[in-house]
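Biologist: Hi, I'm new to this one. Can you pull it up and walk me through it?

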Amino acid sequence: MKKFQIDDQCIACNACVQEAEEHFKMNDDQGVAFIIRQPETVTEIERCQLAMAACPVESITFNS
Ligand code: SF4
């Protein structure tokens, strides 16, 4: 199953959290975002894809 992931290029801009706060969260200690819950519904997947598109450094991927 495909999963959203965040690589270490994240610059902690918070854009993904603003797009999909039920799925992305900032780890302020490490200065990166992380996934708190993978999307399950089509709507949730679309929301996470918006977050992926909003990422300025293409840190978010959607892979198996
Ligand atoms: S949008 Fe990209 S760079 Fe910004 S916090 Fe999310 S993963 Fe990091």
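Modeller: Sure. One term before we start: a residue counts as exposed if 12 or fewer other C-beta atoms lie within 10 Å of its own, and as buried if there are 20 or more. Also, keep in mind that this is a predicted model.

Biologist: Okay, so which residues are exposed on α2?

Modeller: V42, T43, E46 and A53. They sit on the other side of α2 from the buried residues, which are C48, A51 and M52.

Biologist: Why do you put those buried ones on the same side of α2?

Modeller: Because they cover an arc of only 100° around the axis. In general, an α-helix has 3.6 residues a turn, so residues three or four places apart point the same way.

Biologist: What do the buried residues of α2 pack against?

Modeller: They pack against β1, α1, β2 and β4.

Biologist: And what span should α2 have?

Modeller: α2 has 13 residues, 42-54, so at 1.5 Å a residue it should span 18 Å. Its end C-alpha atoms are 18 Å apart, which agrees.

Biologist: Switching to strands: how do β2 and β3 pair, parallel or antiparallel?

Modeller: Antiparallel, over 4 bridges, with β2 at residues 24-27 and β3 at 32-35. M26, for instance, stands opposite A33 in β3. The two strands form a hairpin with 4 residues between them, and G31 in the turn has a positive phi of about 70°.

Biologist: Last thing, the ligand. Which residues come nearest?

Modeller: C10, C13, A15, C16 and C55, out of 14 around the ligand. By class, that shell has 12 nonpolar residues, 2 polar and no charged ones.

Key: Residues numbered from 1 in each chain as written. Predicted model: local features only at pLDDT ≥ 70, side-chain atom pairs only at ≥ 80, totals over all residues. Near = placed C-beta within 6 Å. Nonpolar A, V, L, I, M, F, W, Y, C, P; charged D, E, K, R; others polar. Pairing = 2+ DSSP bridges. Expected span 1.5 Å × (residues − 1). Arc of directions from axis to C-beta. Contact = placed C-beta atoms within 7 Å.
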